[in-house]
Structures are given as C-alpha cells and as structure tokens.
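Colleague: I've got a predicted model open and I'd like to look closely at one part of it instead of skimming the whole thing. Could you pick a good spot and walk me through how it packs?

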Amino acid sequence: MALEHAILVSLLEKPGSGYELARRFERSIGHFWTATHQQIYRVLKRMEADGWVDARDVRQRSRPDKREYSVSAAGLSALTGWLHEPVQPESVRHELAVKVRGAAFGDPAALIDEVERHQRMHRDRLARYLAGERRDFGGSGTAGDPGAEAFGPGDPDAGRELQHAVLRGGIAYERMMIDWLDDVLATLHRLASRRRPGPAGGQPAGTDPASDPASDPAS
C-alpha cells in the first residue's frame, strides 16, 4: 500500500487540512500505517497535482486560514481500482526474534532488559488502543467476544464498523506480543539461572560433577 491510499481513505472519511491529516496518522490511522508530517505534506502536493484531491482555502475565526483537502472523482476511481488489486500477506522481519535466537550463543541474561523495554512499549500501545476504543466505540467490543460490537442502538455506518475492526486487530496484535514477550522473558530468566555458579562456585547450577569425565579418578 502506498501512502496515497491511506490519505485517500482518511479524506473520504472526513476532509481535512494537512495538519489534521497528520494528527489522524498519529492516532487512528497509526493503527495500520505510519507517516511523518513531512511525508504527508509532500504526498498531498503530488496528489493535488495529479488531480486525486481537491483543495480549497477555508477561513477560520481566531485561527489562521487553512487549506482543506477532499477526494476528487479521479482519486475515488484510483482508490476503487486499488481495492480490487490483490494484496500479498506481509512478510515478517522481526529483529528482536533474531536476537532471541542469537542469545543461545551469548549470554541470555544480557537480553532481558531489551525484552522488558519492548514489553513496556507494547503495553503502552495497548493502553492507548484501549483508551481510543473506549473513547470512539464505547470500549466493550473486545471484552469476552473479540468480535462483539460496542455500539448503541441502531446500526453504525460501515466506516465506523470497519474502523473498529481494524482497531480490534491492533488490540489483538498487542496482546499477542505481550503474551509472547512474557514467554520470552520467562525462558531467558530460566536459561540465565542455569548459567549462575553453583554453591561451591566451581560448577554452574544444575551440573553434576559425577557426569564430568574429567572428575573421574579412573579417567
């Protein structure tokens, strides 16, 4: 997916200025696509030049005037065509997972602080997602039944339903990562404890001197 498509989706949901788009990317759109302010402004200019978005100057009271963008007919056609294109499943490139495997050839305990740092980041992100769900959708959509809707009486529009579905995916992913990191930490602590010296100081904990050929007087 190109940044253009994420911008088109956001502007179809609600027209806005470049600044307002950037704020959305920091919040809800950031659940599935990230971009810097500079990237958004640069791509917006190109989309306007290509005729994918229309722009108009909006006067504001007690604020500077803003340039508001909306999707043009050409932009909607481009998005519709893209929606019909197949999307390949994402390939996983997880540097921390490679480090976890590499710890077998170093000191597993040295990785504990880094895994704990990742765990804190995922917990913070999960807390933000849950707060956003409570704010925007009533907050009960992932309790018990992950597919249960949290809306009040009446059917929500398709946009809100699908926004909530994406947010539930982000919540599920963060919970999965936290569970996995809990498992990794428990494994690292267990392996680190095996490497600690035993009571006599000469053997690692769990090592049986009788099984060491060098300790056999007959050898």
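Modeller: Let's start with helix H1 (residues 3–13) and helix H4 (residues 73–83), whose axes come within 10 Å and cross at roughly 120°. That crossing makes H1 oblique to H4; an angle counts as roughly parallel under 35 degrees, roughly antiparallel over 145, roughly perpendicular from 65 to 115, and oblique otherwise. The axes are lines fitted to C-alpha atoms, for helices over the stretch in contact, with angles from 0 to 180 degrees between N-to-C directions. The helix and strand labels are DSSP runs numbered from the N terminus (helices are H or I with at least four residues, strands are E with at least two).

Keep in mind that this is a predicted model, where local features need pLDDT of at least 70 and side-chain atom pairs count only at pLDDT 80 or more, while totals for chains, interfaces and linings use all residues. Residues are numbered from 1 along each chain as its sequence is written, and side-chain values use heavy atoms, with hydrogens and water left out.

Now, who touches whom? On the H1 side you'll find His5, Leu8, Val9 and Leu12, and they meet Gly75, Leu76, Leu79 and Trp82 of H4 (a contact means heavy atoms within 4.5 Å). Sort the residues where H1 meets H4 by class and you get six nonpolar, two polar and no charged. Here Ala, Val, Leu, Ile, Met, Phe, Trp, Tyr, Cys and Pro count as nonpolar, Asp, Glu, Lys and Arg as charged, and the others, Gly among them, as polar. If the spacing of the numbers catches your eye, remember that an α-helix has 3.6 residues a turn, so residues three or four places apart point the same way.

H4 isn't the whole story for H1. Eight of the eleven residues in H1 are buried, which leaves this helix mostly covered. Buried is under 20% relative accessible area, exposed is over 50%, and partly exposed is in between (1.4 Å probe, protein chains only). The buried ones in H1 are Leu3, Glu4, His5, Ala6, Ile7, Leu8, Ser10 and Leu11. Their cover includes H2, H3, strand E1 (53–58), strand E2 (66–71) and H4.

Zoom in on Ser10, which sits in H1. Its relative accessibility is 0%, so Ser10 counts as buried. Leaving aside residues up to four places away in sequence, Ser10 touches Leu21, Arg24 and Ile29.

Leu21 takes us into helix H2 (residues 18–26), which packs against H3 at an angle of about 130°, with the axes 9 Å apart. H2 and H3 are therefore oblique to each other as well. From H2, the contact uses Gly18, Tyr19, Leu21, Ala22, Phe25 and Glu26, while H3 supplies His37, Ile40, Tyr41 and Leu44. In class terms, where H2 meets H3 there are seven nonpolar residues, two polar and one charged.

Further along, Arg46 belongs to helix H3 (residues 37–50). Arg46 has a relative accessible area of 38%, so it is partly exposed. It gives us a link back to H1: Arg46 and Glu4 are 42 residues apart in sequence, yet their C-alpha atoms are 9.3 Å apart in space.

Next, have a look at two serines in the loops. Ser72 is in the loop between E2 and H4. With 8% relative accessibility, Ser72 counts as buried, and beyond residues up to four places away in sequence it touches Gly51, Trp52, Val53 and Asp54. Ser62 is in the loop between E1 and E2, and with a relative accessible area of 81% Ser62 is exposed. Ser62 also has a positive phi of about 60° without being a glycine. For background, most residues other than glycine have a negative phi.

Zooming out, the protein chain has seven helices and two strands, in the order α-α-α-β-β-α-α-α-α along the sequence. Of its 219 residues, 29% count as buried.

Last, how far to trust it. pLDDT is the predictor's confidence in each residue, from 0 to 100; the protein chain averages 81, and 79% of the residues score at least 70. Over residues 141–156 the pLDDT stays under 50, and the model has 27 contacts there beyond four places in sequence. The pLDDT is also below 50 over residues 200–207, a stretch with 14 contacts in the model beyond near neighbours in sequence.
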